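Colleague: I am new to this structure and would like to learn how to read it feature by feature. Could you take me through it with care?

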Amino acid sequence: MSVMDNFRTGHIAIVGRPNVGKSTLLNQLLQQKISITSKKAQTTRFQINGILTESNAQYIFIDTPGFQTQFSSRLNSAMNRVVRRSMHGVDVVLFVIEVMLFGERDIVAMRELPKDIPVILVMNKIDLMADKNLLLPFTQRMSSEFDFAAIVPVSASQKIQLTELLSTIYSYLPISQPLYSSDEITDCSQYLIAGEFIREKMFRLTGDELPYSTAVVIDQFIDQEKLIRIHATIFVGKSNQKAIIIGKNGEKLKQIAMKARQEMELLFGKKVFLQVWVKVKRDWVNNEAVLKSFGYEL
Ligand SMILES: Nc1nc2c(ncn2[C@@H]2O[C@H](COP(=O)(O)OP(=O)(O)OP(=O)(O)O)[C@@H](O)[C@H]2O)c(=O)[nH]1
Ligand SMILES: [Mg+2]
């Protein structure tokens, strides 16, 4: 019997309420940034797939938007549909929470968990725990909340216990040949990732001034031999938000575009020429036509 006969491959959905560190976990497991992260809740909007291939297994991770419980725009309902759909047909679900913080919004997200697929509880951000003695009672409490297949405390950002998490996931993966070649990191389009990288830089460089209601549309994506040409438009809800993004003498927008371009070049392995515009589109989070143009199924 060869090694390949024992090879395991499976799909793993990463779910949980906003801001628990799902995307950070994905990036750290892959050791490559493909999913955007921020201090703000509701950062991830689309399903982002990341592929990790090791000598004995291929893990296909599905990062999802944080499960929305607080606001009820059409965008939020569309994001929740993305989460629900992502759990269909996977081999394992990672339900991520912040250690010691298990609240109403986690409970609402937990109700969505499948009963017929192994669910691993990932208690993230253990680096923030002052008193490690509290871990055991918290773990015991969590094991009474749901029939978890396993419970693993980790710190995604500090890379604590990620190897343990991987070997726990491994034990639930089916024996199967890899579906992707070992150098593939994501099957998401560069088009989608380019838009996400711009959105992340916008979050980071505008601080708290900018509300959640911004979106990025890629108008043009031309992949040439040595260069990718990208034209993008940032949509905001109000004209004062447009001013915040553009900044004094256009400096802020220049910074956003420069930083996004640098990360794209790193991931795409090519030079990128990026031009970004800002436009006002009122209440787009409830606009069916706009949401459809962003690729949501309504
Ligand atoms: N201290 C600490 N912070 C973390 C850890 N993991 C993630 N974070 C931080 O938590 C915040 C949210 O992280 P994200 O990865 O964007 O969270 P998310 O669950 O993907 O959020 P949504 O996409 O909005 O649902 C960021 O500021 C991260 O730096 C961790 O292990 N320890
Ligand atoms: Mg995220």
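Modeller: Let us begin with a contact, keeping in mind that this is a predicted model. A polar contact is a pair of N or O atoms within 3.5 Å, and here a polar side-chain atom of Lys125 lies 3.0 Å from an oxygen atom of ligand 1. The protein covers 88% of the 660 Å² of accessible area that ligand 1 has on its own.

Colleague: Which atoms of Thr43 and Thr44 lie 2.6 Å and 2.8 Å from an oxygen atom of ligand 1?

Modeller: For Thr43 it is a backbone N or O atom, at 2.6 Å, whereas for Thr44 it is a polar side-chain atom, at 2.8 Å.

Colleague: How many residues surround ligand 1, and which helix gives the most to the shell?

Modeller: The shell holds 22 residues, with Lys22, Thr24, Gln42, Thr43 and Thr44 as the closest. Helix H1, residues 22-30, gives the most, with three residues. By class, the shell has 13 polar, five nonpolar and four charged residues, and ligand 1 sits in the largest pocket.

Colleague: How many salt bridges does a search of the whole structure find, and what do Arg17 and Asp106 tie together?

Modeller: A salt bridge pairs a side-chain nitrogen of Lys or Arg with a carboxyl oxygen of Asp or Glu within 4 Å, and the search finds 16 of them. In one, the side chains of Arg17 and Asp106 meet at 3.2 Å, N to O. Arg17 lies in the loop between strand E1 (8-15) and H1, and Asp106 lies in helix H3 (residues 104-110), so the pair ties together parts that are 89 residues apart in sequence.

Definitions and conventions. Residues are numbered from 1 along each chain as its sequence is written. Chains are lettered from A and ligands numbered from 1 in the order in which they are written. This is a predicted model: local features need pLDDT of at least 70, side-chain atom pairs count only at pLDDT 80 or more; totals for chains, interfaces and linings use all residues. Side-chain values use heavy atoms; hydrogens and water are left out. A residue is near a molecule or strand if one of its heavy atoms lies within 4 Å of it. A polar contact is a pair of N or O atoms within 3.5 Å; within protein, one must be able to donate a hydrogen and the other to accept it, and residues adjacent in sequence count only if both atoms are side-chain atoms. Accessible areas come from the Shrake-Rupley method with a 1.4 Å probe; for residues, only the protein chains shown count as cover. On a 1 Å grid over the protein atoms alone, a cavity is a set of points where a 1.4 Å probe fits but cannot get out, and a pocket is an open set with protein on both sides within 12 Å along at least five of seven lines; lining residues have an atom within 4 Å of a point. A molecule sits in a cavity or pocket if more than half of its atoms lie within 2 Å of its grid points. Helices (H or I, at least four residues) and strands (E, at least two) are DSSP runs, numbered from the N terminus. Ala, Val, Leu, Ile, Met, Phe, Trp, Tyr, Cys and Pro count as nonpolar, Asp, Glu, Lys and Arg as charged, and the others, Gly among them, as polar.
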